[in-house]
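Here are some short exercises for you to work through with the structure at hand. Try each task before you read its solution.

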Amino acid sequence: MFSKRGKIVLIITLATVVAVVVVVVSGRLIFATEWGYIVLAEEQINTATEAGFVTALGSMSVIKEPVPPIRELQSYSSSGDRLNTWEPNSFCEKYLSNAFQNPIPICKRPATGLTEQIQCRGLEPTVMCTLYNIAVLEPVREYKGRFVIDHNLALIGSPESHSCPSPAYTESSKGLFIRDIFKSLESMQTASETICKRWVNETTLLSFSSTIHIYFKFIGWYNVYKALLEIGAAENVGKVRVNSDGLKYLFPEFEQRLFPNMTDIKSFQNETVCFKKLVVTPHYLDSPQFQCKLSTAMAEKCFKCDGKGRVGTEMMAFRSAVLRACSIDDSVPTSTCSDPRTIVVILRKPYKRWSKDKPENFQRCLQNSEELLSALKGRFPQANVTGVHLEDMDICSQIRSAHDADVLLGVHGAGLVHLWWLREEALVLELVPDFAISNPTFKMLSTLTGRNYRAYHVQSSNKHSIRVNVTEVVQNLGLYT
């Protein structure tokens, strides 16, 4: 059986052939086997080796193009055809999967040329804009830690060519970038093509990344991944990153493995570079993972998007891409024992999260961490109980530590973004102080990714240093596992 939408799982056994990987690309089901690929379309079944050699089965037609490498298929397969995604026409599908299919008008009334030069799609505030014939001016300037549209970008053409008599911007527009675009229409510069010292003809992504903060860094990377899904892997895509502040950018080597040839926009400091097609991803603060928890109304909708078992969602595809970037094998199941075998406790210590941050402002350090670790070892003697300071670890060690855990435990903080890499059977236990109880960041992330989540309420009026009731935490963990 075959479904155009890829909703039907197909299992095939042909003599000694066993399909071991299933990927859906451009309306075709592709099974990777130990000897090649089986490609199924509506009216044909072809077999092909990885090099592209084709042997027709019976009277079936021949595929002439080489089959793409399976790594590429897994990384950037078409988001609309994957299996086990959100229910059709649901809020979850419309916002989490198909938001970028929704056009957003730049002008309320027809404008001369502007609608051809700037095209935006999305559901506010998660919006992606494509800018044609655009210059990134040097020097690249930031204002209050932000890349400012009308300071850094110029439309190639005359002022009349991008006139907008009635912008669609309103004060209710929430997205950081879309708001900047709309507000900057009158002040955005125009320039002659003669200012271009270099033209980039390939499609290029412009993304916003947090320099240090690990939660915002990962949801910013997710925006890049989602944009690549929308553009499609077949297109030659460049990538340019805008940092959020002037601190040293963390984990550029990992970023290169995740997104090869990512370039810092500051590398353009000595020349004005012009792009034929610049695709601007949502700001990391406009990511669905973050926006879903900002208001009660939005949270109510997003908490219905339970990702449990939905292995085909973009968020789970991103998880797989991250694990591959760290060469982590995700096929080994977690322990089948009733008690956990590996317990990882995230321990926070002060660090500078952004340029104007002060260590004395750092919050939620666990004062009695050694007592908690000792109690966990006593309650679960067969388990490997480890306390980790993520700030002292390289990024793949952080990811592997979380991925291999049966239980990930920590006080509310950015490091809990690593629950994303947990296996399906594992558990995250968040220690939530009084003053953070209204912030469901990690409960939301666990819902959208289908991870098992529990929270323990910590009564504490001290934002900088908190103590937990060790006995209660351990007892509660025993009930959950």
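**Exercise 1.** Which side chains meet in a salt bridge at 3.1 Å, N to O?

*Solution.* Keep in mind that this is a predicted model. The pair is Arg198 and Glu271, whose side chains meet in a salt bridge (3.1 Å, N to O). Now place the partners: Arg198 sits in strand E15, and Glu271 in the loop between strand E18 (262–264) and E19, 73 residues apart. Next, check accessibility: partly exposed residues fall between 20% and 50%. Arg198, at 34%, is therefore partly exposed, and so is Glu271, at 24%.

**Exercise 2.** Find out whether strand E19 (residues 273–280) is largely enclosed or not, and identify its partner strands.

*Solution.* Start with burial: six of the eight residues of E19 are buried, so the rest of the structure largely encloses this strand. Then look at the partners:

- Strand E10 (residues 126–136) pairs with E19 in the antiparallel sense over seven bridges, and Ala135 stands opposite Cys274.
- Strand E15 (residues 198–200) pairs with E19 in the parallel sense over three bridges; here Arg198 stands opposite Val273.
- Strand E16 (residues 203–209) runs parallel to E19, joined by three bridges, with Leu206 opposite Val280.

**Exercise 3.** Which residues do salt bridges with shared partners join to Arg241 in one network?

*Solution.* Begin with one bridge: the side chains of Arg241 and Asp264 meet at 3.3 Å, N to O. Arg241 belongs to strand E17 (residues 237–243) and Asp264 to strand E18, 23 residues apart. Arg241 is buried at 6% relative accessibility, whereas Asp264 is partly exposed at 23%. Finally, shared partners join Arg241, Glu255 and Asp264 into one network.

Key:
Residues are numbered from 1 along each chain as its sequence is written. This is a predicted model: local features need pLDDT of at least 70, side-chain atom pairs count only at pLDDT 80 or more; totals for chains, interfaces and linings use all residues. Side-chain values use heavy atoms; hydrogens and water are left out. Buried means under 20% relative accessible area, exposed over 50%, partly exposed in between (1.4 Å probe, protein chains only). Helices (H or I, at least four residues) and strands (E, at least two) are DSSP runs, numbered from the N terminus. Two strands pair if DSSP finds at least two bridges between them. A salt bridge is a side-chain nitrogen of Lys or Arg within 4 Å of a carboxyl oxygen of Asp or Glu.
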